[in-house]
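Please open the model in a viewer and keep the selection panel at hand. The tour below proceeds by selections, each followed by a description of what is there.

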Amino acid sequence: SGALRRAGRESEARDERAEAVRGEIDFYSRILPFQPDRARALGDLAAIHVVAGELARAEQLYGELLELDPGDATALRMRARLRAHLGLSGDASAAP
């Protein structure tokens, strides 16, 4: 995608990146049930959804993570930021 940007083909570079992110989401979603550390896997998947701009889904995944690990500082912070951005009220540690 760097070569595409240098060639003035920014739109193609964005499409290529979006396709890669969608592939990552699909991959992580499929392997999630097999992960020994489900909380960490949920955090990774939520972060990818943030990159993809799927903020509501990311907020939900951080909520699931917090059900497993209510003290996860990163998940608490990210969910609070996402809830504020999405205009959702309530505590970030509240159930989804």
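A residue is called exposed when its relative accessible area is over 50%, buried when that area is under 20%, and partly exposed in between. The model shown is a predicted one.

**First selection: R30 and D26**

Begin with R30, which is exposed because its relative accessible area of 51% lies over the 50% cut-off. Next add D26, which has a relative accessible area of 41% and is therefore partly exposed. The side chains of R30 and D26 form a salt bridge, with an N to O distance of 3.2 Å. Both residues belong to helix α2, where four residues, or about one turn of the helix, separate them. An α-helix has 3.6 residues a turn, so residues three or four places apart point the same way.

**Second selection: E19 and R22**

Remain on helix α2 and select E19 and R22, which are three residues apart there, again about one turn of the helix. Their side chains also meet in a salt bridge, at 3.0 Å from N to O. E19 is partly exposed because its relative accessibility is 48%, and R22 is partly exposed because its value is 47%.

**Third selection: R79 and E59**

How many salt bridges does the structure hold? There are six. For another of them, select R79 and E59, whose closest N and O atoms are 2.7 Å apart. R79 lies in helix α5 (residues 73–86) and E59 in helix α4, so this pair ties together parts that are 20 residues apart in sequence. Are R79 and E59 buried or exposed? Both residues are buried.

**Fourth selection: helix α3**

Select residues 38–51, which make up helix α3. The helix contains 14 residues and reaches 20 Å from its first C-alpha to its last, close to the 20 Å expected at 1.5 Å a residue. Colour A39, A41, L42, G43, L45, A46, I48 and H49 separately, since these residues of α3 are buried. Then display α2 (10–31) and α4 (55–68), which are among the elements covering the buried residues of α3. Just after α3, select G53, which adopts a positive phi of about 85 degrees.

**Fifth selection: α3 against α4**

Two packed helices are described by the angle between their axes and the distance between the axes. With α3 and α4 displayed together, the axes come within 8 Å and cross at roughly 165 degrees. The two helices are therefore roughly antiparallel to each other, and α3 passes α4 in a left-handed crossing. On the α3 side, the contact is made by R38, A39, L42, G43, L45, A46, A47, H49 and V50. On the α4 side, the contributing residues are L55, R57, A58, L61, Y62, E64, L65 and L68.

Within this selection, highlight R38, R57 and E64, which are linked in a network of salt bridges. R38 belongs to the α3 side of the contact, while R57 and E64 belong to the α4 side.

**Last selection: E67 and A39**

Finally, select E67, which is found in helix α4. E67 counts as exposed because its relative accessibility is 52%. Add A39, which is one of the buried residues of α3. Where does A39 lie relative to E67 in sequence and in space? The two residues are 28 residues apart in sequence and 8.9 Å apart in space, C-alpha to C-alpha.

Key:
Residues are numbered from 1 along each chain as its sequence is written. This is a predicted model: local features need pLDDT of at least 70, side-chain atom pairs count only at pLDDT 80 or more; totals for chains, interfaces and linings use all residues. Side-chain values use heavy atoms; hydrogens and water are left out. The expected span of a helix is 1.5 Å times one less than its number of residues. Buried means under 20% relative accessible area, exposed over 50%, partly exposed in between (1.4 Å probe, protein chains only). Contact means heavy atoms within 4.5 Å. A salt bridge is a side-chain nitrogen of Lys or Arg within 4 Å of a carboxyl oxygen of Asp or Glu. Axes are lines fitted to C-alpha atoms, for helices over the stretch in contact, and angles run from 0 to 180 degrees between N-to-C directions. Angles under 35 degrees count as roughly parallel, over 145 as roughly antiparallel, 65 to 115 as roughly perpendicular and the rest as oblique. A crossing is left-handed if the near helix is turned anticlockwise from the far one by less than a right angle, and right-handed if clockwise.
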